[in-house]
Amino acid sequence: MAAEKLRDLSQPIDVALLDATVAAFYGTGSKEERTAADQILRELQNNPDMWLQVVHILQSTQNLNTKFFALQVLEGVIKYRWNALPVEQRDGMKNYISEVIVQLSSNEASFRRERLYVNKLNIILVQVLKHEWPARWRSFIPDLVSAAKTSETICENCMAILKLLSEEVFDFSRGEMTQQKIKELKQSLNSEFQLIHELCLYVLSASQRTELIRATLATLHAFLSWIPLGYIFESPLLETLLKFFPVPSYRNLTLQCLTEVAALNFGDFYNLQYVKMYNIFMVQLQSILPTTTNIPEAYAHGSSEEQAFIQNLALFFTSFYKSHIRVLESSQENISALLLGLEYLIGISYVDDTEVFKVCLDYWNSLVLELFEAHHNLDNPAVAANMMGLQIPLIPGMVDGLGSQLLQRRQLYSGPMSKLRLLMICRMAKPEEVLIVEDENGNIVRETMKDNDVLVQYKIMRETLIYLSHLDHEDTEKQMLKKLSKQLKGEDWTWNNLNTLCWAIGSISGSMMEEQENRFLVMVIRDLLNLCEITKGKDNKAVIASNIMYVVGQYPKFLRAHWKFLKTVVNKLFEFMHETHPGVQDMACDTFLKIVQKCKRKFVIIQVGENEPFVSELLSGLPSTIADLEPHQIHTFYESVGHMIQAESDPQKRDEYLQRLMELPNQKWAEIIGQARQSVDFLKDQDVIRTVLNILQTNTSVATSLGTYFLSQITLIFLDMLNVYRMYSELISNSIAEGGPFASKTSYVKLLRSVKRETLKLIETFLDKAEDQPQIGKQFVPPMMDPVLGDYARNVPDARESEVLSLFATIINKYKGAMIEDVPRIFEASFQCTLEMITKNFEDYPEHRLKFFSLLRAIATHCFPALIRLSSQQLKLVMDSIIWAFRHTERNIAETGLNLLLEMLKNFQASEFCNQFYRTYFLTIEQEIFAVLTDTFHKPGFKLHVLVLQHLFCLVESGALTEPLWDVSTVAYPYPNNTMFVREYTIKLLSTSFPNMTTSEVTQFVTGLFESRNDLSTFKNHIRDFLVQSKEFSAQDNKDLYAEEAAAQRERERQRMLSIPGLIAPNEIQDEMLDS
């Protein structure tokens, strides 16, 4: 009954009843009550006439939640339907909101009491402004300023409104408003700033109210980044700010404002003001934070206000130096103030807080890079002059002057740089390879997690330390060795200190000259080995051992040049493989793999003083070397030896080594197959299944590193392996048939499936790594057709391995057109049955989904003629599945679907079935793409959506389609051409989808699509604006719409890094030649 009464909006709503409903929704009553209330409120919110009741509700209720509900309704109308409302309704609403705000903020008591409500009203007002101002509300800023002068509380609230407005226009506008609208609002704010500026200065000079001054400083902070510079430097503003800086209650806000000013960078016009500001600031800072303060300690014990002060201080210094450090280098007293500031910044860099450290690190990285580049380019004076900011033609003899200027600059910074080296060494982040770490209980544990934030930090620190090392190799080496000798003396021996030091030593590999690097490394390893000898305790020894392994693994160049040392290291690793302390064996196996990959040739040639290649010696002792290793470690070990064998160029020796390497697993395999021939049941024993799995995994590891040369080994086990596969598959199907769906979760079935998967993985690895030799494909693919593909089709859905799909995708990607004949067979076995599994919903069988679309993409790319030969029913299945893929909210599936669609569209356009295909699918594709384009769940696919639309519009205009796209039998009106038809169709499609847009807006958009179709970036921007107008994308993160532009930037950065020694670590450079 009550609900009916509320729903009837023809008369004023019963506010008491609404209050009760809202209270029930937020209340602690029964679940049913809450659900019922929720239902009613939703209905009201969706009722288009509800907003007319808002004023009545706001006037009548005392309940804050009810007010918020009414404002929510109002906000929806303002965002999406404002421009469609009659003028008098808009004006009425505008005036009402302004009046309530003024009334509530005109006296202290109501302003404090209703603070939350006023804040929400301010937000609503700014939403209205985005539509009304400047065109329909010219007097807004003057009105606001004059209201502010009437009372201090109104003034405080006006500041809040101005701050919101600035943030809406300058910070949150991307993807929220069209580009034209943003421009218009920015211009209005700029032109009206005079009044706001006067108001702020007036408040700061005249008011005594803390809250008002804080609100004004906060508003200034929002405005400072974009206002015309004259308002800052040619007015008393800076002096006023510096005057407020020492006052504790304004300190942080003022510092934020000064940071905004410091970050501005518009040529040299205001240099004097900057120097003056910096010097006054430094004097004041010393009285707030004396130079003797231990900043990290003060931070650790400080209040949140004090901690914020240190954070803001870091931001101030880094912003100022980034833009204006050159100005401070000009005279002696400025230089001393500069060095003092850098001293503060180094102190702040030791603060134990990730965010503070990131800010400092970011700046140190850019300063060191600038010093390094000038030093690096001394050979090329023109570039160096440019670095110095000297825009002058070079005269002979000037170069020396320039060189000395650069040297002077380096000397000026040599003190801070030396302190910075120590900072980098002490705080070095953890690279991803290190596996032994200390947990919070002080125990040593193995850690394989790759922490992204830490990795990013490691990369920046490593880069900074390499530049620092280039600037002064001697100092870098001295600091590292000094820190290491302290560890030896036991002065500051802790695990963390040793770890960071060794990570730092490992990080500068490749940055020194070879001689110096060799000398340095020999000293480091010697000291670490000594340390290992003299330190007591297994845990401590394990930490030192892992650090030795880490450092050695980072210097492959050194190992290649010194065989004796390399051999010692490898034998030491073999010793560690018997050390059962947690993590040591893992580290040893991983380091062994890493070293072998970089030095593999060294192990297959006979070295001076040896009787046989090291690999042969290793194979003889193999059983004892791996005796104490776990299965997964043995697999890594086998992969490493595979790399060695791969480096042997004599085929006969290679096969002999491979045979010796595989002796143990092959013996075991022969035994098992022999037993199985006597009695098949032998293969059903769980321990036997585990052994089979282990043997297959060992084979996969070797196939990974050997590639084509693994042929002799896989041929040996291939057919037996397929028989085991078939048998296990039948066992699985029977178990599931008998035990129902839960049988697939039993450990027995899971184990059997692991064997099937490993078999598929082994074949896929081998075929993927083998060189393109069609005969290999011909040898391995036919025998698999029935045991693998036929088996896939015969299985129940829960027993189908998704790896079958990825195996055949690999095969097609590898042997391309040679596989055309087999496509129908692959299609028959996998297509229909997989689609039935994945089209019931978007969730089940996630692995099959992605691999299915990858297989389809491989077929479309390499065997397109096979797709043309499909029947129209089968082709419809393919197209439906592609549409199904890009509707997916799972990002990688949607992207695979869209890429596949683009390839299909291009291939069909070039085939003789062009007309037939597009007549069937053009409109469907266009409609489906618009559906996902305007759906916020599919934002990451934006770039590909745009490409598909661009393809469709270009195709229509190109005249490649010679037959009409419309159905001639049902459409009475004959269109002059396809362009006209598609144009009308698109307008109709979008007008019905977005009733909130006028026909002229839609027509304008569609015309724009046709006009900009040949220029991708205009086309893309045009669509971005449309998405804002259609009001589907609102108040969300729109960075996905700009993702492509970011990727191009990353590639340019990689090219730059390749040009500086050591920046890309020697063990990351893929170079076969290095090893000869």
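## A tour from the domain 4–domain 5 interface outward

In this predicted model, begin by selecting domain 4 and domain 5 together: the area buried between domain 4 and domain 5 is about 1,500 Å², and carbon and sulfur atoms give 59% of that area. To make the selection, take residues 655-758 for domain 4 and residues 772-869 for domain 5; the contact draws 18 residues from domain 4 and 18 residues from domain 5. If you place a marker at the centre of each, taken over C-alpha atoms, the centres of domain 4 and domain 5 are separated by 22 Å.

Next, display the charged side chains across this interface, where the rule finds 6 salt bridges between domain 4 and domain 5. One pair to pick out is Arg757 with Glu803, which form a salt bridge whose closest N and O atoms are 3.6 Å apart. With polar contacts switched on, the count between domain 4 and domain 5 is 10 residue pairs, both residues of each pair being at pLDDT 80 or more.

Now colour the side of domain 4 that touches domain 5 by element: α39 (711-739) and α40 (747-769) are the elements that give two or more residues to that side, and α39 supplies the largest share, with 12 residues. Recoloured by residue class, the side of domain 4 that touches domain 5 divides into 9 nonpolar, 5 polar and 4 charged residues.

Staying with domain 5, move to the loop between α42 (803-815) and α43 (823-838) and select Lys816, which is placed there. Its backbone deserves a check in the viewer, since Lys816 has a positive phi of about 40° although it is not a glycine.

For the wider view, show the whole chain, which is divided into six segments: domain 1 (1-83), domain 2 (86-227), domain 3 (238-352), domain 4 (655-758), domain 5 (772-869) and domain 6 (872-1037). By the salt-bridge rule the count comes to 48. Among them is the pair Arg519 and Glu477, whose side chains meet at 3.3 Å, N to O; this pair links distant parts of the chain, with Arg519 in helix α27 (residues 514-534) and Glu477 in helix α25 (residues 473-489), 42 residues apart.

Then go to the loop between α8 (115-132) and α9 (140-148), where Pro134 is found. The peptide bond to select joins Trp133 and Pro134, and it is cis, with omega of about 0°.

Finish by selecting residues 37-103, which UniProt lists, in an unreviewed entry, as "domain: Importin N-terminal". A distance drawn between the end C-alpha atoms of residues 37-103 comes to 32 Å, and the span is 78% helix and 0% strand.

Methods
Residues are numbered from 1 along each chain as its sequence is written. This is a predicted model: local features need pLDDT of at least 70, side-chain atom pairs count only at pLDDT 80 or more; totals for chains, interfaces and linings use all residues. Side-chain values use heavy atoms; hydrogens and water are left out. Domain bounds come from an automatic or database domain assignment. Contact means heavy atoms within 4.5 Å. Buried area is the accessible area (1.4 Å probe) that two parts lose on being put together, summed over both. A salt bridge is a side-chain nitrogen of Lys or Arg within 4 Å of a carboxyl oxygen of Asp or Glu. A polar contact is a pair of N or O atoms within 3.5 Å; within protein, one must be able to donate a hydrogen and the other to accept it, and residues adjacent in sequence count only if both atoms are side-chain atoms. Helices (H or I, at least four residues) and strands (E, at least two) are DSSP runs, numbered from the N terminus. Ala, Val, Leu, Ile, Met, Phe, Trp, Tyr, Cys and Pro count as nonpolar, Asp, Glu, Lys and Arg as charged, and the others, Gly among them, as polar. UniProt positions are given in the numbering used here, feature names are shortened, and annotations may be inferred rather than shown by experiment.
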